[in-house]
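Biologist: Could you put this model up and take me through the reasoning behind its labels? I'd like to see how the values lead to the words.

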Amino acid sequence: MSTVVNWGVLGYARIAKNSIIPAIERADNARLYGVASRNQAELPVGEWAQSYGDYAALLADPAIQAVYIPLPNSLHKEWVLRALAAGKHVLCEKPIGLTAAEAQEMQQAAVQHNRLLMEAFMYQYTDRVRVIKQVLASGALGELRHINVSFRFLLDRPNTIKMQPALGGGALYDVGCYPVNFIGMVTGRLPVRCKALCETDQGVDTNLSALLQYDDGLIANIHCGFNAFGRNYAEIIGTKGMLIIDKPFLDDAGALHLHTAEGVRELPVSESDRYQAEIRHFSSAVLNQPSRLIPLEETVRNMQVLDMIHAAL
């Protein structure tokens, strides 16, 4: 019985080249079997067992068990469905699609083909998130009243797909989906109302804020953007305390700060290898071994919130 999963990667995107392919090579239960690219010249020669001139050829290879999809957002649904139909387990880059309806269609296909499908929110595999969940479970914050999450950076690369509306560009899809996922991870439910404002450039949002209100009155604020200095920050405020989280989506060592009536407590977090952990957990699940996957119900809920924000705009 195999203890290693053969992975294929559809497209030699920046995130695949810089993050996921090295992570597959670091994971002890994963092996990079092949990469498909329509531009064969960009692939390093002899690096893997196989390279493929098109995505369909990779999906047709029976040696590959799991596929990672880092394609432009507008292509996620088509290639997730094709990969599932080809009998592959699929790790798809976030956001899984452009709408909740697309996410639900992919969820149904995963069930139909009896294959794993997961959205790649790698930050959930960090020590930071473990400590956040520990604080929430402890009740130290009391009843939650406000959540504030920002993820933005200055986009200074020309000709990027992030600025192309037809490919699913824009800050909300690219980085705003992280705060949406974070708030969903904390609340575990959908908001009941939403207000949003954004600034646009070349037909995509480049600076966006949204307010989400929940059935118990909790108000959450998400902020994302491409057009100013970077910010990666979260705070969760309850009736008894406040948790300040610097860099919630990164995996370096640091500390969270828990503010209560007793004062401020520093909670250390250790360095993690978020991409490798994501690949290792997904591979373990493919091998029917214990693992922690991000459930598709959470993914569908993310997309429902993104739909609400788009509707509010």
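Biologist: Let's go straight to Phe282: why is Phe282 called buried?

Modeller: Its relative accessible area is 0%, and buried means under 20%, so Phe282 counts as buried. This is a predicted model, by the way.

Biologist: And what makes Trp7 buried?

Modeller: The reasoning runs along the same track: Trp7 also comes out at a relative accessible area of 0%, with the cut-off set at under 20%, so Trp7 is buried.

Biologist: How do you know that the rings of Trp7 and Phe282 pair up, and why is the pair called tilted?

Modeller: Take the centres and then the planes. The ring centres lie 5.6 Å apart, and rings pair if their centres lie within 6.5 Å. The planes meet at 55°; under 30 degrees would be stacked and over 60 edge-to-face, so this pair is tilted.

Biologist: What makes this pair a link between distant parts of the chain?

Modeller: Trp7 belongs to strand 1 (residues 5–10) and Phe282 to helix 7, with their positions 275 residues apart in numbering.

Biologist: What about Tyr178 and Phe249, how is that aromatic pair labelled?

Modeller: Tilted again, with 5.4 Å centre to centre and 50° between the planes. The angle falls between the cut-offs of 30 and 60 degrees. Tyr178 sits in helix 6, while Phe249 is in the loop between strand 12 (241–246) and strand 13 (254–260), 71 residues apart. Both Tyr178 and Phe249 are buried. They also belong to one aromatic cluster, along with Phe121, Tyr123, Phe151 and Phe182.

Biologist: What puts the charged end of Arg231 over the ring of Tyr233?

Modeller: The charged end is 4.1 Å from the ring centre, and the limit is within 6 Å, plus within 35 degrees of the ring normal. Arg292 lies over the face of Tyr125 as well, at 4.6 Å from the ring centre.

Biologist: On to the largest pocket: which residues lie nearest its centre?

Modeller: Arg14, Ile15, Arg157, Lys162 and Asp174, out of 43 lining residues. The volume of the largest pocket is about 1,100 Å³. Helix 1 gives the largest share of the lining, five residues. By type, the lining has 19 nonpolar, 14 polar and 10 charged residues.

Biologist: And how much space lies in the second largest pocket?

Modeller: About 160 Å³. Its lining divides into nine nonpolar, two polar and one charged, and helix 4 supplies the largest share, three residues.

Technical notes:
Residues are numbered from 1 along each chain as its sequence is written. This is a predicted model: local features need pLDDT of at least 70, side-chain atom pairs count only at pLDDT 80 or more; totals for chains, interfaces and linings use all residues. Side-chain values use heavy atoms; hydrogens and water are left out. On a 1 Å grid over the protein atoms alone, a cavity is a set of points where a 1.4 Å probe fits but cannot get out, and a pocket is an open set with protein on both sides within 12 Å along at least five of seven lines; lining residues have an atom within 4 Å of a point. Grid points are joined across faces, edges and corners, and a volume is the space filled by probe spheres set on the points. Helices (H or I, at least four residues) and strands (E, at least two) are DSSP runs, numbered from the N terminus. Ala, Val, Leu, Ile, Met, Phe, Trp, Tyr, Cys and Pro count as nonpolar, Asp, Glu, Lys and Arg as charged, and the others, Gly among them, as polar. Rings of Phe, Tyr and Trp (its six-membered ring) pair if their centres lie within 6.5 Å; planes under 30 degrees apart count as stacked, over 60 as edge-to-face and the rest as tilted. Buried means under 20% relative accessible area, exposed over 50%, partly exposed in between (1.4 Å probe, protein chains only).
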